[in-house]
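Please look at the sequence and the structure shown here before reading on. The explanation then moves from the packed interior to the empty spaces.

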Amino acid sequence: MEGPSLVYNSKIEILISTMNKTSLSFLKSIFPHHGIENLNILIINQTRIGKELYSEFENIRIINSYEKGLSLSRNLAIQNSTGDICLIADDDIEYLPNFESTVKNAFDKFNKASVIRFRIDTFTGETYKTYPKKSIRLFKTRNIKNSSSIEIAFNRKSIVTNAIMFDTLFGLGSYFQSGEEYLFLKDVLKKKLDIYFENKSIVKHEFIRSTSNMASEDFIKAQAAIYYKDYKLFSYITLLKFVIFLVRKQMIPFGDSIKTFNTGLVGITAYKRLKNAQ
């Protein structure tokens, strides 16, 4: 996208992933400050036959999918999106009153951006996560490791043209329950596209303590798989460093070190097997 005129005439489309919905009533909590008839929305509803979701609004498109997995849902949304600027959304968030102008202003400001990350507010006023103190370009992988899907807005043409998709081995409903956002953004960087962080909020979400998730078996398996995907043989050293980090931060007791490392090895082995089966 080039220039403010194109940005301000751009169509913003919200790509919502959800499950087992049979009514559009859930949209009221996502958009309490907006009339849904004035928004462009694509809903991917993972459901079962006979429990489909339908829309009576031309501006709200629905795809009922009978597959499971969040990354599959995200990819289906990207493949069927029509907006110039697309926002990735879930069904448990609330968009702020001025989110559209915030997004358009950011793409006007960073007119070479393929992806822009925004802040998340919480319903209770707590800090959702640690963000950079100012708006910056994110050009290193360490800058994107704590990304959340609902922070992400992207230039659809840029993402689709470069065939950037979510890795379906990662994300809720997949074998590895996390890490899909990092891998998605890493692919953006790999394709030499620009990612920026805009120090403004567009959405609210319930506060989640990420430190407790870091010590879970699911997270450790996913993290180890990502290490292998990134570093191959050096992943084992990186996994060891991660276990030491968990001990130092008192997220796991020292006595669980070997068990935790072995959990990571299970993740690496599973990733190799699943990747070979694709």
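The paragraphs below treat the nonpolar core, then the pockets, and finally the enclosed space. The model is predicted.

The core comes first. The largest nonpolar core has 81 residues, and I16, L27, F31 and Y95 are those with the most contacts inside it. Eight of the core residues belong to helix α8, residues 217-231, which gives the most to this core. F31 can serve as an example of the packing. Leaving aside residues up to four places away in sequence, F31 touches I14, I16, I36, L39, I41, Y95 and F99. Two of these partners, I16 and Y95, are themselves named among the residues with the most contacts inside the core.

Attention may now turn from atoms to the space between them. Rolling a probe the size of a water molecule over the atoms shows where empty space is left. The largest pocket holds about 1,400 Å³ of space. It is lined by 44 residues, of which S147, S148, S178, E181 and N213 are the closest to its centre. The elements that give two or more residues to this lining are strand β1 (12-19) and the helices α3 (70-80), α6 (180-190), α7 (210-214), α8 and α9 (235-248). Helix α8 supplies the largest share, seven residues; as noted above, α8 also gives the most to the largest nonpolar core. Sorted by class, the lining of the largest pocket comprises 14 nonpolar, 19 polar and eleven charged residues.

The second largest pocket has a volume of about 240 Å³. Its lining consists of A163, M165, F166, D167, L183, F184, K186, D187, K190, K229, D230 and K275. Both α6 and α8 supply at least two residues of this lining, and the largest share, five residues, comes from α6. What classes of residue make up the lining of the second largest pocket? There are five nonpolar and seven charged residues, with no polar residue present.

The last stop is an enclosed space. A search of the whole structure finds one cavity of 30 Å³ or more, and about 30 Å³ of space lies in it. The residues that line this cavity are L15, S17, R74, A77, I78 and I88. Strand β1 and helix α3 each provide at least two of them, with α3 giving the largest share, three residues. By class, the cavity lining divides into four nonpolar residues, one polar and one charged. Both β1 and α3 have also appeared among the elements that line the largest pocket.

Notes. Residues are numbered from 1 along each chain as its sequence is written. This is a predicted model: local features need pLDDT of at least 70, side-chain atom pairs count only at pLDDT 80 or more; totals for chains, interfaces and linings use all residues. Side-chain values use heavy atoms; hydrogens and water are left out. A nonpolar core is a set of buried Ala, Val, Leu, Ile, Met, Phe, Trp, Tyr and Cys residues joined through side-chain atoms within 4.5 Å. Buried means under 20% relative accessible area, exposed over 50%, partly exposed in between (1.4 Å probe, protein chains only). Helices (H or I, at least four residues) and strands (E, at least two) are DSSP runs, numbered from the N terminus. Contact means heavy atoms within 4.5 Å. On a 1 Å grid over the protein atoms alone, a cavity is a set of points where a 1.4 Å probe fits but cannot get out, and a pocket is an open set with protein on both sides within 12 Å along at least five of seven lines; lining residues have an atom within 4 Å of a point. Grid points are joined across faces, edges and corners, and a volume is the space filled by probe spheres set on the points. Ala, Val, Leu, Ile, Met, Phe, Trp, Tyr, Cys and Pro count as nonpolar, Asp, Glu, Lys and Arg as charged, and the others, Gly among them, as polar.
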